[in-house]
Amino acid sequence: MPTIGSLITTYRKKKGLSQIALAGELNSHYGHMVSNKSISKWEKNLAVPDLHIFLDLCRLLEVPDLYEALYGNNPFNPFSALNDIGREKALEYVQLLCLDPRYRQDSAAAASSPACSRPGSEKIIPFRTIPLQLYPVSAGPGNFLDDENYEDIQVGEEVPLSADFAVRVSGDSMEPLLHKNQIIYVHRQETLENGEYGIFFLNGEAYVKRFQTDETGTFLISLNKKYDPLPVTEGSDFRIFGRLVFERGTADCQ
């Protein structure tokens, strides 16, 4: 098991600091009057720093997980189960979450978070992978979400984080909002509010439509006036696959 002395040595060298420089940093940042001789004794395990000095040392040396540094795998840190590539992917997703105010504590917290503002992160275009169904809606079979006919695509920050999968549009029934062969994004859910756009299964076919339910009944509505509403009756084989989520900067026309 690593010692406190070896931990200080390892992270001091990662920061490129000499013992003299580290002593100066402790003094200037935290007001600890520590000499380089004291640091030498700590690193040789001939003495240990006071607790408050040690914690400030960990902050100064940017020790990300003290438990992991001293004891190995941290069962309380989900990053511990990932290799370096996995951690990098997880951090990319954390950056995506930081871009969305719904998942951020506040702007100041995001600005000061190493995960949200790593060096060079302003040049990174965050992305993630979601499945694109190979069957288009309004033409595909109704079970198209229950099989393996999909391919993974990468999407950027313009696609809301709530999007669970993507699908292509077939036909012109949702013009002018949606166009033939356009890729649309869907949050998987089984219910919709009146007026919301969604992906539906109705009597063997999959559709993208606007959901309408009122005292006259339940219908799937096309925006193109040359298509009649599709009624959903008690005898219909009907299912809601999810709600459309629109790319940032796109009006949802509801």
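**Helix α3 and its packing**

Me: Which residue with a positive phi follows α3?
Reply: After α3 (helices are DSSP runs of H or I, at least four residues, numbered from the N terminus) comes a residue whose phi is positive, near 60 degrees. The model is predicted, with local features needing pLDDT of at least 70 and side-chain atom pairs pLDDT 80 or more, while totals for chains, interfaces and linings use all residues. Numbering runs from 1 along each chain as its sequence is written, and side-chain values use heavy atoms, without hydrogens or water. The residue is asparagine 45.

Me: Within what arc do the buried residues of α3 fall?
Reply: In α3 (residues 36-43), Ile39, Ser40, Trp42 and Glu43 are buried (under 20% relative accessible area, 1.4 Å probe, protein chains only). Seen down the axis, by directions to the C-beta atoms, they line one face of the helix, because their arc is within 160 degrees.

Me: Which helices do the buried residues of α3 pack against?
Reply: Contact means heavy atoms within 4.5 Å. The partners of these buried residues are α1 (4-14), α2 (19-30) and α4 (51-60).

Me: How is α2 oriented relative to α3?
Reply: The axes, lines fitted to C-alpha atoms over the stretch in contact, come within 8 Å and cross at roughly 110 degrees. Angles run from 0 to 180 degrees between N-to-C directions, and 65 to 115 counts as roughly perpendicular. Therefore, α2 is to α3 roughly perpendicular.

Me: Which residues of α4 meet α2?
Reply: α2 and α4 pack at about 100 degrees, with axes 11 Å apart. From α2, the residues Leu22, Glu25, Leu26, His29 and Tyr30 meet, in α4, Asp56, Leu57, Arg59 and Leu60.

Notes. Buried < 20%, exposed > 50% of the residue type's maximum accessible area, 1.4 Å probe, protein only. Helix = DSSP H or I, 4+ residues; strand = E, 2+ residues; numbered from the N terminus. Parallel < 35°, antiparallel > 145°, perpendicular 65-115°, else oblique.
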